[in-house]
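Let's take a walk through this protein chain together, helix by helix. Have the sequence and the model open beside you as you read.

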Amino acid sequence: MSDIGETPRRGEADRLRRLARGAYKSGDYEISIRFFSELVALPLGEGEALRAERAHDEFDLSTVLLRLGRSEAAAAPLRRAREASPDDPRVLLKLGQVLSR
C-alpha cells in the first residue's frame, strides 16, 4: 500500500472526521469533541499535506471547544495546529484571541 489514501489509518481518519463534523453540524458538541479527540490522537503520517490536514483537525477541535466556552482547553489544540502548520493565519489569529482572554 504505497498510496496514503489506501491505508487503514487514512480510512479511520476520514471516518472520524466525518463523524466529528456531522456531530458538530447537528449540535452534538460533546460527541464532536470525542470524535475530533480520537482523530487527532491517530499517528500522523509524513508529508506537508498530512501536517496541514492535522492542523485543520486540531483547529476544528478548538472551534468545538470554544463553542462550549472552553477557552483554556481550546488553547492546546491550537498550539498543536501551530506546530503542524506554523504559517496558517487562521490558527495564529485564533490562538492569539484565545490566549488574550
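In which helix is the place of R90? Find this residue and you will land in helix α5. Keep in mind from the outset that this is a predicted model. R90 is partly exposed, because its relative accessibility is 34%. Apart from neighbours within four places in sequence, R90 is in contact with H56 and F59. You can also use R90 to get a sense of scale: its C-alpha atom is separated by 23 Å from that of E30, and the two residues are 60 apart along the chain.

Before going further, a word on confidence. The protein chain averages a pLDDT of 90, and 92% of the residues score at least 70. Among its elements, helix α2 has the highest mean pLDDT, at 97, while helix α1 (residues 8-25) has the lowest, at 92. Over residues 1-6, by contrast, pLDDT stays under 50. For that stretch the model has six contacts beyond four places in sequence.

Now back to R90 and its surroundings. The two contacts of R90, H56 and F59, also appear in the list of α3 residues that meet α5. Helix α5 covers residues 89-99, and its axis comes within 11 Å of the α3 axis, with the two crossing at roughly 30°. The crossing of α3 with α5 is left-handed. On the α3 side the contact is made by H56, F59, S62, T63 and L66, and on the α5 side by R90, V91, K94 and V98. Sorted by class, these are four nonpolar, three polar and two charged residues.

Just past this helix, in the segment after α5, lies S100. Is S100 buried or exposed? With a relative accessible area of 60%, S100 is exposed, because the cut-off for that class is over 50%. Its C-alpha atom is 28 Å from that of F35, a residue 65 places away along the chain.

Let's turn to the next partner of α3. Helix α4 (residues 71-84) packs with α3 at an angle of about 170°, and their axes are 8 Å apart. The two helices are therefore roughly antiparallel. From α3, the contact draws on R51, R54, A55, E58, F59, L61, S62, L65 and L66; from α4, it draws on S71, A73, A74, P77, L78, R80, A81 and A84. Eleven of the residues in this contact are nonpolar, two are polar and four are charged.

A81 is a good place to pause within α4. Because its relative accessibility is 0%, A81 counts as buried. Beyond residues up to four places away in sequence, A81 touches A55, E58, F59 and V91. Of these, A55, E58 and F59 are on the α3 side of the contact with α4, while V91 is listed for α5 in its contact with α3. The C-alpha atoms of A81 and S100 are separated by 18 Å, and the residues are 19 apart along the chain.

One more helix pair remains on our tour. Helix α2 (residues 29-41) and helix α3 (residues 48-67) pack at an angle of about 155°, with 9 Å between their axes. So α2, too, runs roughly antiparallel to α3. Their crossing is left-handed. Here Y29, S32, I33, F36, S37, L39 and V40 of α2 meet R54, D57, E58, D60, L61, V64, L65 and R67 of α3. That contact has eight nonpolar, two polar and five charged residues.

What about the individual residues of α3? D57 is found in this helix, and D57 is buried because its relative accessible area is 2%. Leaving aside neighbours within four places in sequence, D57 is in contact with R17, R21, F36, L39 and V40. F36, L39 and V40 are among the α2 residues that meet α3, whereas R17 and R21 fall within the span of α1.

E53, also in α3, has another setting. It is partly exposed, because its relative accessibility is 23%. Aside from neighbours within four places in sequence, E53 is in contact with R10 and R17. The C-alpha atoms of E53 and S37 are 14 Å apart, with their positions 16 residues apart along the chain.

How values were computed:
Residues numbered from 1 in each chain as written. Predicted model: local features only at pLDDT ≥ 70, side-chain atom pairs only at ≥ 80, totals over all residues. Heavy atoms only, no water. Axes fitted to C-alpha atoms, helices over the stretch in contact; angles between N-to-C directions. Helix = DSSP H or I, 4+ residues; strand = E, 2+ residues; numbered from the N terminus. Parallel < 35°, antiparallel > 145°, perpendicular 65-115°, else oblique. Left-handed = near helix turned anticlockwise from the far one by under 90°. Contact = heavy atoms within 4.5 Å. Nonpolar A, V, L, I, M, F, W, Y, C, P; charged D, E, K, R; others polar. pLDDT = per-residue confidence, 0-100. Buried < 20%, exposed > 50% of the residue type's maximum accessible area, 1.4 Å probe, protein only.
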